[in-house]
Amino acid sequence: MSVRSEARRHRDELGGVVAEYWDKPTPLVIGIFVAVWLLFSGLTLINPGETLLLAVAPTVTFAFLLAVALLYVGHERLLVCERGLVIGSFAPGLRPYVLRYDQIVPGSVVPVTGARRYARETGPGGPAQSTVRRNAWTRQGLHLVGPSPKAARRHRARFAALQDPPPRSVDGRWVWFAGTGSTPPEQVTAQIARAAGAAGAVQLAQATAAAPVRELSGNPADAARQLPGFPAVPDLRGREVRR
């Protein structure tokens, strides 16, 4: 699904696209995929096929499979629109999620760095959720609390629902995370604040514009302080530890 076609699909609900951010694979990640392809291709030469076609076929097959894998893990986008956000993968056959500004909790949108420590800080289930759009190379992004993944989908889900997490925020809503690629996350939240303000979501705009950058520590005890909406971690006596 192309960005343009997806933007047109949601234009009536969200308005036009104000900014687009792509959490694309880094050169190192692409290099690792190429190295894996070279390794697999080299192994086939140890015992090549009897004909040229049989000798080349495994190499072409490996290239195709790795290219498809890279396509599907590397198509995460964040679209800031006039009246909401589009978050998720734009790979063929997949659909991203739609979050209107009136569905996002004011004060929950914060810019985040140190995203590689996200899973350690947020606890079990952090990296593999439909609402957490984070790859191994994601270093920065934005956190927010919003609607359920079911409410954010605009299509029938066959397999995506298997990764839908339970509500994790203190008010019974869902925690979301989206990578911002090479763009500093504070620039993205500033753009969201401007768009939300223009759309009439004044409280969301003001709180988002004032949100400082949060550098994740990887310590679960810091999650409630650094990521608005996360419940505080109980201490050994069952009491909540707030920082």
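In which strand is the place of Pro-111? In this predicted model, Pro-111 has its place in strand β5, which covers residues 110–113. The chain as a whole has nine helices and 11 strands, and of its 243 residues 46% count as buried. The points below begin with the chain, return to Pro-111, and then turn to aromatic rings, charged side chains and the surface.

**The chain overall**

- Among contacts between residues at least 6 apart in sequence, 71% join residues that are at least 24 apart.
- The accessible surface of the chain comes to about 12,800 Å², and 60% of that surface belongs to carbon and sulfur atoms.

**Around Pro-111**

- Pro-111 has a relative accessibility of 0%, and it therefore counts as buried, the limit being under 20%.
- When residues up to four places away in sequence are not counted, Pro-111 touches Gly-141, Pro-185, Glu-186, Thr-189, Ala-211, Pro-212, Val-213 and Arg-214.
- One of these contacts, Pro-212, is 101 residues from Pro-111 in sequence, while the two C-alpha atoms are 6.9 Å apart in space.

**Aromatic rings**

- A pair of aromatic rings is described by the distance of the centres and the angle of the planes.
- The count of aromatic pairs in this model comes to two.
- In the pair of Tyr-97 and Trp-176, the ring centres are 5.5 Å apart and the planes stand at 70°, so this pair is edge-to-face, a term that applies to angles over 60 degrees.
- Because Tyr-97 lies in strand β4 (residues 97–100) and Trp-176 in strand β8 (residues 174–179), the pair ties together parts that are 79 residues apart in sequence.
- Both Tyr-97 and Trp-176 are buried.
- In the pair of Tyr-118 and Phe-177, the centres are 5.0 Å apart and the planes are at 45°, and the pair is therefore tilted.
- This pair links distant parts of the chain, with Tyr-118 in helix α5 (residues 118–122) and Phe-177 in strand β8, 59 residues apart.
- Tyr-118 counts as buried at 1% relative accessibility, and Phe-177 is likewise buried, with a relative accessible area of 1%.
- Another ring, that of Trp-22, has the charged end of Arg-77 sitting over it, 4.0 Å from the ring centre.

**Salt bridges**

- Side chains of opposite charge can pair when their charged atoms come close.
- The count of salt bridges in the model comes to eight, and among them is the one in which the side chains of Glu-13 and Arg-100 meet, at 3.2 Å from N to O.
- Since Glu-13 lies in helix α2 (residues 11–14) and Arg-100 in strand β4, this salt bridge ties together parts that are 87 residues apart in sequence.
- Arg-100 also forms a salt bridge with Asp-102, where the closest N and O atoms are 3.1 Å apart, and Glu-13, Arg-100 and Asp-102 are thus linked in a network of salt bridges.
- Within this network, Glu-13 is partly exposed at 26% and Arg-100 is partly exposed at 26%, whereas Asp-102 is exposed, with a relative accessible area of 60%.
- A further salt bridge joins Asp-171 and Arg-173, with the closest N and O atoms 3.3 Å apart; Asp-171 is partly exposed at 40%, and Arg-173 is partly exposed at 33%.

**A nonpolar surface patch**

- Phe-64, Leu-65, Val-68, Leu-71, Tyr-72 and Leu-94 make a nonpolar surface patch of about 500 Å².
- Tyr-72, one of the residues of this patch, has its place in helix α4 (residues 52–73) and counts as partly exposed at 34% relative accessibility.

How values were computed:
Residues numbered from 1 in each chain as written. Predicted model: local features only at pLDDT ≥ 70, side-chain atom pairs only at ≥ 80, totals over all residues. Heavy atoms only, no water. Phe/Tyr/Trp six-rings, centres within 6.5 Å; stacked < 30°, edge-to-face > 60°. Helix = DSSP H or I, 4+ residues; strand = E, 2+ residues; numbered from the N terminus. Buried < 20%, exposed > 50% of the residue type's maximum accessible area, 1.4 Å probe, protein only. Lys NZ or Arg CZ within 6 Å of the ring centre and 35° of its normal. Contact = heavy atoms within 4.5 Å. Areas by Shrake-Rupley, 256 points an atom, 1.4 Å probe, with all protein chains shown as cover. Patch = residues over 30% accessible without salt bridge, like charges linked within 9 Å, V, L, I, M, F, W, Y side chains within 5 Å. Salt bridge = Lys/Arg side-chain N within 4 Å of Asp/Glu carboxyl O.
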